[in-house]
Each structure stands twice: as C-alpha cells, then as structure tokens.
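Please read the following report with the sequence and the structure side by side. It begins with the chain as a whole and then turns to smaller parts.

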Amino acid sequence: MKKALGRGSRLTAALLASALAGSTMAATGTASAASGAAEVAAVVPSGPGRELSAASFTQMAVDDAGRRVWIAGDRVYPDGSRRGEVIGVLYGGAGPALASADLAAPLSGVAVDPTGSKVYAGQSDHIANYSHENGSLYPLDPIPAPADDCGRELVHTGGRLFFTSRAPASPEGCDDALGMGSVGVAATAEGHSAGEVMYSYTRVHLEGGPGGLLVTAPERWSPTDDPDLGIYRVTDGADGNLLEFLGERRFAESGTGPGMDFRDADFSADGSVLAVADGARGTVLLGGQDARFLDNRYVPLPEGVAPTAVAFSPDGKWFAQGGAGSGDAADLTLAFADPSVEREPLRISFDDEDAGRRVVPRGMEFSGDGEQLFVVTSNQEGTKFWLHTIQTREALAPSSFVNVAHGPAIAGKPIRVAGRLDLDGLAPAEAPQITVQRMDGPDVTFLPPVPVAEDGTFTLEDVLPDRAGDVVYVLGYAGGTFHYRTEHWLLVNTVEESNTVTRGRR
C-alpha cells in the first residue's frame with residue numbers, strides 16, 4: 001500500500017479525484033500483451049527495454065547480492081572491429097547504474113559468485129576474472145582454461161566455477177563431431193584444484209541449480225543424434241569425484257525420433273524439477289534428482305512459437321517460458337510455478353523493431369526475490385539485443401474494493417464504513433485483512449487492520465475527529481499469494497452534531 005502523505009491544508013474533492021486518477025495509470029512499453037481469454041491481464045514490460053551495446057549474446061547471470069544483471073557479448077564498432085564487453089545493469093540498491101569491462105573478442109559466457117564479489121567472463125584462451133564492488137570491476141589474475149573457439153558457458157554452483165571449452169578440428173567445425181570439448185572446473189582459494197571433469201564430442205551447455213546441482217546438455221550434431229542430458233551434484237571431492245551422478249536422459253524413445261534439441265534449462269527452487277526448452281518438443285519436465293520424465297501441466301507456448309528459454313523463480317512462485325514467434329503470437333508466458341493453481345498465464349508478445357521480436361535462447365532469469373523477470377530479446381537477425389524487466393506482480397489476479405459506503409458522519413461521533421473486497425477468481429491463500437489510514441488535514445492515523453469475511457465483506461468502525469470537515473480513509477489490501485494489491489480512497493464530509501444533514505461519497 002502506498003504511504004499516505006500529510007497535507008498542510010484540507011483535502012478537497014478535486015484533489016482526491018486527481019490523486020485517484022494518477023494512482024491507476026498503466027505502465028507503457030513497446031511490447032504488448034497477446035490477445036487471449038478475457039481473464040488474461042493486458043500487461044506489458046516496464047518501459048521499452050534497455051538496448052544493449054553488444055551485437056552478440058551467449059549467457060546472462062543475475063547477481064542477487066549486488067542486484068545486477070550481468071550480460072556478456074561482443075561489441076561491433078563502425079570500422080568493423082569487435083571487442084568483448086561484459087556489463088552489469090543495476091536493478092536495485094546503491095551504486096552506478098551500469099558496470100562494464102572491456103575485453104578481447106570473442107567474449108562468451110558469464111557467471112557471478114553468489115556473494116556478488118566476483119564476476120567471470122569467457123575468453124578464447126582463459127576465463128577473465130574480476131572483483132566487483134558497488135558497480136566497479138577490478139581485474140584479477142585470469143583463470144587458466146583450455147582453448148575455446150565455439151563459445152564458452154560458465155556456471156557457478158556448489159561453491160565451484162564450471163566452464164565449457166571446445167577447439168574444433170576446423171573453423172567451421174563447432175557443430176560437427178570431429179573436435180573434442182570438455183567441461184572444466186576452476187581452482188579455489190581453499191585449495192580445491194582445477195581440471196576437466198568430463199569430455200564431449202559436441203558443444204555442451206551448462207546449468208546450475210540449488211544445492212550444488214549441475215546439468216550438462218550436449219548439442220546434437222545431426223537431426224538423428226540423440227544426446228544424453230546428465231544431472232549431477234557437486235561434492236567436496238573427498239572421494240576423488242567432484243560430481244555425484246544423479247541421472248541421465250535421452251529424449252528419443254527407443255532410439256526412434258529426433259533427439260534432444262537443447263535451447264535452455266532451469267531447476268525449480270527446490271531442485272525437484274528440471275525444465276528443458278527443446279526446439280522440437282517445447283518445454284519438457286524432468287525429475288531434478290533422477291532425470292525421469294514428468295507430466296507437463298503448464299500451459300504451452302502458442303503453436304508456431306519456437307521455444308528458446310525457461311526459468312523458475314528462486315522464491316518458488318513463478319515459471320516462465322520464452323520463445324520466438326511472429327506477429328501477435330505470445331513470445332513469453334508467465335505462470336505460477338505450482339501448476340495446480342488454475343489461472344491463465346500472463347502472455348506477452350514482443351513485436352517491435354526497436355525493442356526486439358523474440359526471446360533469445362537462454363535469455364531469461366528471475367531476481368532472487370522473484371519480483372522481477374529479466375528478459376533479453378533480439379531483432380529477427382540476431383544482431384541487436386534489448387534487456388526488459390517484467391514485474392511479476394502484474395501476473396497476479398486483480399483485486400478491488402466495491403460498494404464502499406459510510407453511515408452518518410458527525411464530528412466526534414462513531415462512524416461505520418462497509419464494503420467488499422473483490423478478489424478475482426482465485427481463493428486467497430490466507431484470510432485477507434484491510435489496512436486503514438485516516439487523514440484529517442495534516443494528521444495521519446494508522447488504524448487497526450480490519451478482517452475480511454469469507455464473502456469478501458468488511459466493516460470498519462471508527463470515531464471521527466471532533467471538528468467538522470473533510471476526512472479521508474485510505475483502505476488498502478497488500479495483496480497475497482495469488483492477488484495483486486489495491487487501495488481505495490474514501491472521502492467523508494463530516495458535519496457538526498447540530499447539523500442533521502449527512503452525506504456519503506464513494
């Protein structure tokens with residue numbers, strides 16, 4: 001609920017109307033909500049998005065400690081030269097809005113230490129290593145790594161930094177099965193040694209999860225290839241094995257049909273589910289501890305939208321699916337992570353040449369508190385990129401105050417205010433309460449919360465100030481698990497006791 005401001009003069013009806021008009025202003029942006037069922041909210045990302053300077057994208061990472069979104073890519077200059085650039089866009093807290101570092105091209109992959117104190121970026125012959133403090137990056141000794149010409153991926157999980165490397169047999173060989181790639185791990189200050197933990201004949205994608213979970217997902221090198229996704233848990237390595245094998249999965253059944261066409265993966269907040277964006281199948285759900293197939297009860301992306309990204313929020317509340325569509329088809333859906341919540345997801349379409357037309361592969365991450373979803377979009381050619389911030393609260397069901405009215409309003413006497421809190425569709429997870437502020441000129445009084453009955457009705461009883469004039473009651477509902485917050489301003493004109501005329505306004 002918004003904090004009421006004290007007034008130095010009596011609040012008039014005109015001023016109240018102006019305040020109410022301003023409080024309901026909708027966000028504007030260049031993405032639009034795709035048309036769908038009536039219950040789907042028409043919500044857009046907050047603003048047109050930030051155009052990124054990079055002309056390439058491989059990976060993004062969210063720094064919850066420093067409240068930054070880190071993105072790595074190459075920047076192309078007017079003379080055609082390229083330089084690598086890692087940038088950190090601030091989404092809250094203190095410090096410069098943008099942190100950046102200039103590196104050699106090509107630059108691929110980015111990861112951040114959970115403390116936010118270190119940022120890592122992939123170079124072709126090492127891992128760049130920076131200390132981060134309040135928006136400033138300071139270079140540290142580079143981390144040794146095998147040669148890579150195909151684009152690294154980096155993941156920090158289980159207290160260790162993992163990265164991919166691949167030097168193909170030919171410059172065009174990143175997608176063939178002739179070169180040898182590997183997954184490596186960096187040394188730590190605690191004395192844990194560096195080295196390779198596995199090898200692969202194709203490019204490998206990495207994804208970390210809670211409790212030190214790690215996914216390895218090789219790319220298929222031909223339509224008939226059936227790569228093997230693996231799930232591991234990072235250990236202390238005391239037995240000589242840094243990774244504990246948990247499960248593996250091939251997507252082709254009995255060797256028939258196409259294998260996994262990997263685009264992205266993410267673990268649920270508790271690690272029990274692994275969502276995989278597959279180019280042919282859409283979103284595939286696997287057991288996060290054993291890689292078994294799970295039933296998918298989430299509403300899929302619209303037909304014809306190619307899946308590119310998936311993300312669970314760390315608070316366990318949200319699940320997002322991103323894709324590449326055309327026209328008004330939804331490129332993104334945002335739903336409750338609990339599929340038993342029967343509510344249509346928020347659908348968003350990106351269809352603007354100045355803000356992107358598709359969600360890029362691996363282009364979605366949530367903030368740690370789940371309140372914001374960060375989405376990287378690109379143009380059709382994949383040469384320009386934008387960072388959008390979507391407030392997840394916009395996917396909550398609406399709530400509103402209706403039929404709010406008051407009884408006789410006599411200065412210094414009791415007053416009764418009644419109304420109903422209308423919560424759209426879903427039953428609240430907890431019994432709602434109404435917060436109340438009473439504003440009498442410059443005086444603001446916080447009254448005890450008012451309970452809401454099962455049918456949504458409520459009754460507020462108060463004693464009015466002992467002088468006639470305008471009194472405003474600000475009724476607020478802070479929102480809940482399923483519903484968005486709302487408030488209602490009730491203007492009450494009190495009269496002296498000798499005056500028998502009373503009137504109420506809504």
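Among the contacts in the protein chain with a separation of 6 or more, 50% are made by residues 24 or more positions apart. The structure is a predicted model, and in this model the protein chain has one helix and 37 strands. Of the 506 residues in the protein chain, 50% are buried, while the area that the chain exposes comes to about 22800 Å², with carbon and sulfur atoms supplying 50% of that area.

**Confidence along the chain**

Because the model is predicted, it comes with pLDDT, the predictor's confidence in each residue, on a scale from 0 to 100. The protein chain has a mean pLDDT of 85, and 87% of its residues reach 70 or more. Over residues 1-47, however, the pLDDT is below 50, although this stretch has 84 contacts in the model beyond near neighbours in sequence. Residues 501-506 likewise stay under 50 in pLDDT, and for them the model has 17 contacts beyond four places in sequence. The table shows the elements with the lowest and the highest mean pLDDT.

| Element | Residues | Mean pLDDT |
|---|---|---|
| Helix α1 | residues 13-23 | 30 (lowest) |
| Strand β21 | residues 273-278 | 98 (highest) |

**Thr283 and its surroundings**

Strand β22, which covers residues 282-287, contains Thr283. Is Thr283 buried or exposed? Thr283 counts as buried because its relative accessibility is 13%, and buried means under 20%. Its side chain makes a polar contact, at 2.6 Å, with the side chain of Gln321. If neighbours within four places in sequence are left aside, the residues in contact with Thr283 are Ala275, Val276, Asn296, Val310, Phe319 and Gln321. Gln321 therefore appears both in this list of contacts and as the partner in the polar contact, where a pair of N or O atoms lies within 3.5 Å.

**A sheet of three strands**

Further along the chain, three strands form an open sheet in the order β31-β32-β35, with antiparallel pairing. Its edge strands are β31 (399-406) and β35 (457-463), each of which pairs on one side only, and from one strand to the next the twist averages 25°. How many bridges join strand β32 to β35? Strand β32, made of residues 414-423, is joined to β35 by seven bridges, and the two strands run antiparallel. One residue pair can be followed by name, for Arg420 has Thr457 as its bridge partner in β35.

Definitions and conventions. Residues numbered from 1 in each chain as written. Predicted model: local features only at pLDDT ≥ 70, side-chain atom pairs only at ≥ 80, totals over all residues. Heavy atoms only, no water. Helix = DSSP H or I, 4+ residues; strand = E, 2+ residues; numbered from the N terminus. Buried < 20%, exposed > 50% of the residue type's maximum accessible area, 1.4 Å probe, protein only. Polar contact = N/O pair within 3.5 Å; in protein donor to acceptor, adjacent residues only side chain to side chain. Contact = heavy atoms within 4.5 Å. Areas by Shrake-Rupley, 256 points an atom, 1.4 Å probe, with all protein chains shown as cover. Pairing = 2+ DSSP bridges. Axes fitted to C-alpha atoms, helices over the stretch in contact; angles between N-to-C directions.
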